[in-house]
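Let's walk through this one together, moving from a single contact out to the whole interface and then to an enclosed space. Have the sequence and the 3D view open as you read.

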Amino acid sequence: MTKLAQWLWALALLGSAWAALTVGALGLELPSPCREVLWPLPAYLLVAAGCYALGTVGYRVATFHDCEDAARELQSQIQEARADLGRRGLRF
Amino acid sequence: MLAQFHRGPHGGESCAGGSPREPEGRFRPRNKYSVLLPTYNERENLPLTVWLLVKSFSESGFNYEIRIIDDGSPDGTRDVAEQLEKIYGLDKILLRPREKKLGLRTTYIHGMKHATGNYIIIMDADLSHHPKFIPEFIRKQREGNFDTVSRTRYKGNGGVHGWDLKRKMTSRGANFITQILLRPGASDLTGSFRLYKKEVVQKLIERCLSRGYVFHMEMIVPARQLDYTVGEVPVSFVDRVYGDSKLGGNEIVSFLKGLLTLFATT
C-alpha cells in the first residue's frame with residue numbers, strides 16, 4: 001500500500017468514526033458535553049498539529065550543529081593539498 | 001597493525017568480534033570501493049577532492065578506485081582530471097567523460113560501467129562531502145551488513161557550516177514534511193553522499209525517474225520496499241568553498257513535486 005493510500009485509509013476511518021459519533025448515526029447517543037468537544041475536534045487537532053510542526057522545526061533549526069571545526073580543518077587541508085599537488089606537477 | 005591482516009581489511013576491522021582470520025593459502029577477494037564523482041565545472045575543487053580521497057583511502061587501507069564523470073565542463077575540469085590520472089595512475093583514477101550535461105541517473109550508470117569495485121560510493125566533488133567520512137561509512141556498513149549507508153546532517157554530531165537561518169529553516173522544514181509523509185527510516189534523504197552494495201545501487205537506479213534532490217530520495221526511499229537495510233553516519237557538510245550554491249524557487253518546486261510523487265507511488 002502506498003503512503004498516500006495509508007493516509008487516505010486512516011483519514012476515511014477516523015473521519016467516518018467522527019461523523020458517525022457527531023451526527024448520532026448507529027443509534028449512539030453521546031452525552032452533550034462529549035459531543036460539544038467532539039464536534040470541533042478535527043479543527044483542534046489541525047491547530048495542534050500545526051503548533052507541533054512549528055515547534056519541532058523551530059527546535060531543530062535552533063539545534064542545528066554548526067561545524068566550525070570542520071570548516072577550519074578543511075581550509076588547512078586545502079592548503080596542504082594545493083602544495084602537494086603542485087609538487088606532483090599539477091597545473092591548476 | 002594493517003600489515004598483520006594482509007589478506008584483507010576484514011581481519012583488521014572486525015577483530016572486535018567479527019569473522020576470524022582467513023587461514024593461509026585460502027584466497028579471499030578483498031572488497032573494493034568504486035567512488036563515482038560526477039563533475040560539472042569543478043576545476044578548482046576536483047583536485048582537492050581527489051587528494052583528500054587518496055589520503056583517506058591510503059590511511060585506512062581500503063582498496064579503491066575513483067571514477068570521474070565529467071559532463072563536458074567548459075571550465076577545463078576534464079584537463080585537470082587527465083592530469084590527476086597521470087599523477088595517481090590509471091588503476092586509481094579513471095576519467096569517464098561525456099559530451100554534455102545529462103541526468104544524474106545516466107551519470108551514475110555511465111560511471112558504473114566497468115567499475116571494478118563491489119561497493120559503490122557516490123559523492124559530490126565540491127568539498128561539501130569530506131572523504132574522511134568514507135572509512136566510517138565502510139565500518140558502518142560492515143557493522144550491520146547494510147545494503148546502503150547514507151550520510152545524515154541531522155543526527156549525532158552531524159551538522160552544516162556556511163548556512164544562514166533561511167537555508168537551515170528550508171532544510172529542516174523540507175525534511176520534516178518528508179519524514180511525516182514518507183516515514184522513510186532515514187533521517188536525511190536528499191544527500192548524495194552514500195555507500196551502496198553494487199547490486200543494490202543497480203537495482204535502485206533502474207527505478208529512478210527524477211533529477212536533482214528527488215533523484216537521491218528515489219535512491220533511498222524505495223529501499224525499504226525492496227527489503228534493503230539502510231545505515232546512517234553523521235557527517236559535517238561544509239557548504240561550497242568555491243563556486244555557487246544552488247537553491248532557488250525552481251529547486252523547491254521540483255522537490256515538492258518529487259516528494260508528492262514518492263508519496264503517491266511508494
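Which side chain meets Glu44(B) in a salt bridge? It is that of Arg82(A), with 3.6 Å from N to O. Keep in mind as you look that this is a predicted model.

That pair is a good place to start on the interface of chain B and chain A, where the rule finds 3 salt bridges. Polar contacts add to the picture: 12 residue pairs, both at pLDDT 80 or more, are found across the interface. On the side of chain B that touches chain A, the elements giving two or more residues include the helices H2 (45–60), H3 (77–88), H6 (165–182) and H9 (249–265), and the strands E6 (159–161) and E9 (236–238) of chain B. The largest share of that side comes from H6(B), with 11 residues. Sorted by class, the side of chain B that touches chain A holds 23 nonpolar, 13 polar and 8 charged residues.

Now step back to the contact as a whole. Chain B brings 44 residues to it and chain A brings 33 residues. Between them the two chains bury about 3500 Å², and 65% of this lies on carbon and sulfur atoms. In chain B, the most area is lost to chain A by Trp51(B), Arg172(B) and Phe176(B), which together make up 20% of what that side buries.

Finally, look for enclosed space. The count comes to 1 cavity of 30 Å³ or more, and the largest cavity has a volume of about 30 Å³. Its lining is made up of Ala70(A) together with Leu127(B), Ser128(B), His130(B), Lys132(B), Ser236(B) and Val238(B). These lining residues divide into 3 nonpolar, 3 polar and 1 charged.

How values were computed:
Residues numbered from 1 in each chain as written. Chains lettered and ligands numbered in written order. Predicted model: local features only at pLDDT ≥ 70, side-chain atom pairs only at ≥ 80, totals over all residues. Heavy atoms only, no water. Contact = heavy atoms within 4.5 Å. Buried area = accessible area lost by both parts, 1.4 Å probe. Salt bridge = Lys/Arg side-chain N within 4 Å of Asp/Glu carboxyl O. Polar contact = N/O pair within 3.5 Å; in protein donor to acceptor, adjacent residues only side chain to side chain. Helix = DSSP H or I, 4+ residues; strand = E, 2+ residues; numbered from the N terminus. Nonpolar A, V, L, I, M, F, W, Y, C, P; charged D, E, K, R; others polar. 1 Å grid on protein atoms, 1.4 Å probe; cavity = no way out; pocket = protein on both sides within 12 Å on 5 of 7 lines; lining within 4 Å. Points joined across faces, edges and corners; volume = space filled by probe spheres on them.
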